[in-house]
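Hi,

Here is the structure I promised to send over. Have a look at it first, and then read on for my notes.

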Amino acid sequence: MTVKLKSILKGAGLSLGCLALGLLGGAWWVLAVWEPEMNLSGYLQLIYLLAVWVGGMTAGYGAGSLPWRHGGVTGAITCSVLLVLQWLLVPTFYSWAPALKLLGTGVIMGSFAGVVGQNLRRAAKRRQQVRKVVGFQKF
């Protein structure tokens, strides 16, 4: 029952990579379709949640056991990096409530995604066993 650091780092790296691509897409969207009252808060929240989900699934897929813990730690790492970047870009701090809400959302969603990733791993193993029994070859 140990935590695999490699799967957590792989999930966090993939999560941050997806987050970076999403932020680049948002920047491109602002530059291409500039409107005076453009609001990207929904888009940015969707990108954050998708990035945490992808990272949690990757961490859970690589976890031998306790996929919820791997996904939760990955979500916490992604959220912590995002909060540090937010503080560096806009150095004002109003209250702990929005930060804790973001952290809680990341941990809970990462935990669920970790369990889904573990189930995907088990399904892939079952498919491999069926291929061996039936005699299919992978090309």
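Let me start with the aromatics: there is one aromatic pair in the structure. Its partners are tryptophan 29 and tyrosine 43, set edge-to-face with 5.5 Å from centre to centre and 75° between the planes. This pair ties together distant parts of the chain, with tryptophan 29 in helix 1 (residues 5-32) and tyrosine 43 in helix 2, 14 residues apart. Tryptophan 29 has a relative accessibility of 34%, so it counts as partly exposed. Tyrosine 43 is partly exposed too, at a relative accessible area of 24%. Bear in mind throughout that this is a predicted model.

Next, the packing of helix 2 on helix 3. Helix 2 covers residues 41-62 and helix 3 covers residues 67-89; they pack at an angle of about 145°, and their axes are 8 Å apart. The crossing of these two helices is right-handed. On the helix 2 side, the residues in the contact are Tyr48, Val52, Gly55, Gly56, Ala59 and Gly60, and on the helix 3 side they are Pro67, His70, Gly71, Thr74, Gly75, Thr78, Cys79 and Leu82. By type, that contact between helix 2 and helix 3 has six nonpolar residues, eight polar ones and no charged ones.

Which residues make up the largest nonpolar core? There are seven: Leu19, Ile47, Tyr48, Ala51, Val52, Cys79 and Leu82. Helix 2 and helix 3 are the elements that give two or more residues to this core, and helix 2 gives the most, with four. Tyr48 is worth clicking on while you are there. Leaving aside residues up to four places away in sequence, tyrosine 48 touches Leu19, Cys79, Leu82, Leu102 and Gly106.

Between helix 2 and helix 3, have a look at the loop, where leucine 66 sits. The phi of leucine 66 is near 55°, a positive value in a residue other than glycine. For context, most residues other than glycine have a negative phi. Leucine 66 has a relative accessible area of 16%, and as the cut-off for buried is under 20%, leucine 66 counts as buried.

Close by in the sequence of my notes comes glutamine 118, which belongs to helix 4 (residues 96-134). Is glutamine 118 buried or exposed? Its relative accessibility is 6%, so glutamine 118 counts as buried. Not counting residues up to four places away in sequence, the contacts of glutamine 118 are Gly60, Tyr61, Ala63, Gly64 and Pro67.

I also went through a few glycines. Glycine 11 is in helix 1 and is buried, with a relative accessible area of 0%. Beyond residues up to four places away in sequence, glycine 11 touches Gly55, Thr58, Ala59 and Thr74; of these, Gly55 and Ala59 are among the helix 2 residues that meet helix 3, and Thr74 is among the helix 3 residues that meet helix 2. Glycine 11 and isoleucine 108 are 97 residues apart along the chain, with 15 Å between their C-alpha atoms.

Glycine 17 is in helix 1 as well. With 32% relative accessibility, glycine 17 counts as partly exposed. From glycine 17 to alanine 51 it is 34 residues in sequence and 8.1 Å in space, C-alpha to C-alpha, and Ala51 is one of the residues of the largest nonpolar core.

Glycine 72 lies in helix 3 and is buried, its relative accessible area being 8%. With residues up to four places away in sequence left out, glycine 72 touches Val107, Gly110 and Ser111. The C-alpha atoms of glycine 72 and isoleucine 8 are separated by 9.3 Å, and the two residues are 64 places apart along the chain.

Last one: valine 84, also in helix 3. Where does the accessibility of valine 84 put it, with a relative accessible area of 47%? That value makes valine 84 partly exposed. Valine 84 and lysine 4 are 80 residues apart in sequence, and C-alpha to C-alpha they are 25 Å apart in space.

Cheers

Terms used: Residues are numbered from 1 along each chain as its sequence is written. This is a predicted model: local features need pLDDT of at least 70, side-chain atom pairs count only at pLDDT 80 or more; totals for chains, interfaces and linings use all residues. Side-chain values use heavy atoms; hydrogens and water are left out. Axes are lines fitted to C-alpha atoms, for helices over the stretch in contact, and angles run from 0 to 180 degrees between N-to-C directions. A crossing is left-handed if the near helix is turned anticlockwise from the far one by less than a right angle, and right-handed if clockwise. Contact means heavy atoms within 4.5 Å. Ala, Val, Leu, Ile, Met, Phe, Trp, Tyr, Cys and Pro count as nonpolar, Asp, Glu, Lys and Arg as charged, and the others, Gly among them, as polar. A nonpolar core is a set of buried Ala, Val, Leu, Ile, Met, Phe, Trp, Tyr and Cys residues joined through side-chain atoms within 4.5 Å. Buried means under 20% relative accessible area, exposed over 50%, partly exposed in between (1.4 Å probe, protein chains only). Rings of Phe, Tyr and Trp (its six-membered ring) pair if their centres lie within 6.5 Å; planes under 30 degrees apart count as stacked, over 60 as edge-to-face and the rest as tilted.
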